[in-house]
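User: Please take a close look at one strand of this model and then place it in the rest of the chain. Plain statements with cut-offs will do.

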Amino acid sequence: MIIQANGIEVDFGSVKALDGVSLSVADGEVRGLLGPNGAGKTTLVNVLTTLLTPTAGTATVDGLDVCTQSREVRSRIGLAGQYAAVDNLLTGRENLEIVGRLYQLPKAVAKARADEALERLSLTDAGDRQVRTYSGGMRRRLDLGASLVGRPKVLILDEPTTGLDPRTRIELWEFLRELVGEGTTVLLTTQYLEEADELADQISVIDSGKLIAEGTADELKAQMGGDLLVARPADRELVAQVAEIVSGLTGSEARISETGEVSAPVSNKVETLVRVASALKDAGIQISEIAVQQPTLDDVFLSLTGDDTSTDEESSVIQ
Ligand SMILES: Nc1ncnc2c1ncn2[C@@H]1O[C@H](COP(=O)(O)OP(=O)(O)OP(=O)(O)O)[C@@H](O)[C@H]1O
Ligand SMILES: [Mg+2]
């Protein structure tokens, strides 16, 4: 395990930002740390990157203790924080060179690494411009470039794509995949389920300072109980009647959403779909929508973090 955290607690006065978080990330893995605002993501990142001493618990990166061997830990990691830590008055290239010097690289090496990072993040043309002239996306890329200058074994990214347009986000994902292909371990926090689904091998879901679930995207989705048949009558008055038919044919009690959608879990999806459709037709009920849906990570996330009142608040940990 290249990152190992055991029972991390962080108190800010009366606020318990982390409440006993344990995490194991394998060498070469991409781990997504997924959670809503205020969940404790940045706090955990700060502990792992030696910026914050936990109230309780221990953590190691590459076998080094983040509290007692912080200097060594810092030489192994690259961090791109939630807010870009670049100097606006310097050029992109100068920012990167300074980071190289902070890693105590010889001047020539720092220069070469700065060039390389600019190149990899498609910033070569803008490299000699002051950062204050950069767009948000360019700034974000430069920040990521800065985290790479020290050639870290472990890259820790706090919401790397928040605020980026979809195209820039996809470019960044591609770039991260390249790095992972070269063997870098990545821990990234995100509020985007899509991002965790795209990039992460394993996802840890955090809410109110606690890890509430862990697993691959598929495992988390399977937790939601598989496929769901969804039907919506054209006439909303008829939802109860539709629910009755759906319950009868699926063998499980159908749920009616606030938006007038009737849903029930199904196992034999195609056959059930056809039977429900024809039963509704026989009953003379016009349907505006009928489908079998796989749960999305959004469903999982909402049900786990308890924002969706229609689902049971079950907090279970896979593994
Ligand atoms: N320096 C601090 N002093 C007091 N409270 C803090 C401090 N830093 C964080 N907190 C609190 O700790 C909790 C976790 O904050 P944290 O920044 O780790 O959340 P986050 O998951 O990164 O959220 P976001 O998605 O908004 O970045 C929040 O309730 C926050 O208000
Ligand atoms: Mg944060």
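Which residue in E13 is the bridge partner of Leu229?

Analyst: The bridge partner of Leu229 in E13 is Ala264. The model is a predicted one, in which local features need pLDDT of at least 70 and side-chain atom pairs count only at pLDDT 80 or more, while totals for chains, interfaces and linings use all residues. Residues are numbered from 1 along each chain as its sequence is written, and chains are lettered from A and ligands numbered from 1 in the order in which they are written.

Start with the strand itself. Strand E11 covers residues 228–233; strands here are DSSP runs of E with at least two residues, helices are runs of H or I with at least four, and both are numbered from the N terminus. In a regular strand the side chains alternate between the two faces of the sheet. Along E11, Leu229, Ala231 and Pro233 point to one face and are buried. Leu228, Val230 and Arg232 point to the other face and are not buried. A residue counts as buried if 20 or more other C-beta atoms lie within 10 Å of its own, as exposed if 12 or fewer do, and as partly exposed in between, with C-beta atoms placed from the backbone.

E11 pairs antiparallel with strand E13 (residues 262–265) over 4 bridges. Pairing requires that DSSP finds at least two bridges between the strands. E11 also runs antiparallel to strand E14 (residues 287–293), joined to it by 6 bridges. In E14, Ile290 is the bridge partner of Ala231.

Two helices come next. Helix H9 (residues 239–250) packs with helix H10 (residues 269–282) at about 145°, the axes being 10 Å apart. Axes are lines fitted to C-alpha atoms, for helices over the stretch in contact, and angles run from 0 to 180 degrees between N-to-C directions. The crossing of H9 with H10 is right-handed, meaning that the near helix is turned clockwise from the far one by less than a right angle; anticlockwise would be left-handed. From H9, Val242, Ile245, Val246, Leu249 and Thr250 meet Thr272, Arg275, Val276, Ala279 and Leu280 of H10. This contact of H9 with H10 has 7 nonpolar, 2 polar and 1 charged residues. Ala, Val, Leu, Ile, Met, Phe, Trp, Tyr, Cys and Pro count as nonpolar, Asp, Glu, Lys and Arg as charged, and the others, Gly among them, as polar. Contact between two residues means that their C-beta atoms, placed from the backbone, lie within 7 Å.

For the wider setting, the domain assignment gives domain 1 (3–221) and domain 2 (227–293); such bounds come from an automatic or database assignment. The C-alpha centres of domain 1 and domain 2 are 45 Å apart. The chain has 11 helices and 14 strands, and 40% of its 319 residues count as buried.

Elsewhere in the chain, an open sheet has 6 strands in the order E6-E7-E8-E3-E9-E10 with mixed pairing. Strand E6 (77–80) and E10 are its edges, each pairing on one side only. E9 and E10 pair antiparallel over 5 bridges, and Ser204 stands opposite Glu214 in E10. H11 packs on the sheet, touching E3, E9 and E10, with its direction at about 35° to that of E9. The buried residues of H11 (residues 297–305) are Leu297, Val300, Phe301, Ser303, Leu304 and Thr305. They pack against several elements, including helix H7 (193–199) and helix H8 (217–222).

Another open sheet, of 4 strands, has the order E2-E1-E4-E5 and antiparallel pairing. Its edge strands are strand E2 (15–25) and strand E5 (64–65). Strand E1 (residues 3–12) pairs with E2 over 8 bridges in the antiparallel sense, and Gln4 stands opposite Ser24 in E2. Helix H1 (residues 41–48) lies across E1, E2 and strand E4 (56–61), at about 120° to E1. Since 8 of the 8 residues of H1 are buried, H1 is largely enclosed by the rest of the structure. Thr50, which follows H1, has a positive phi near 70°.
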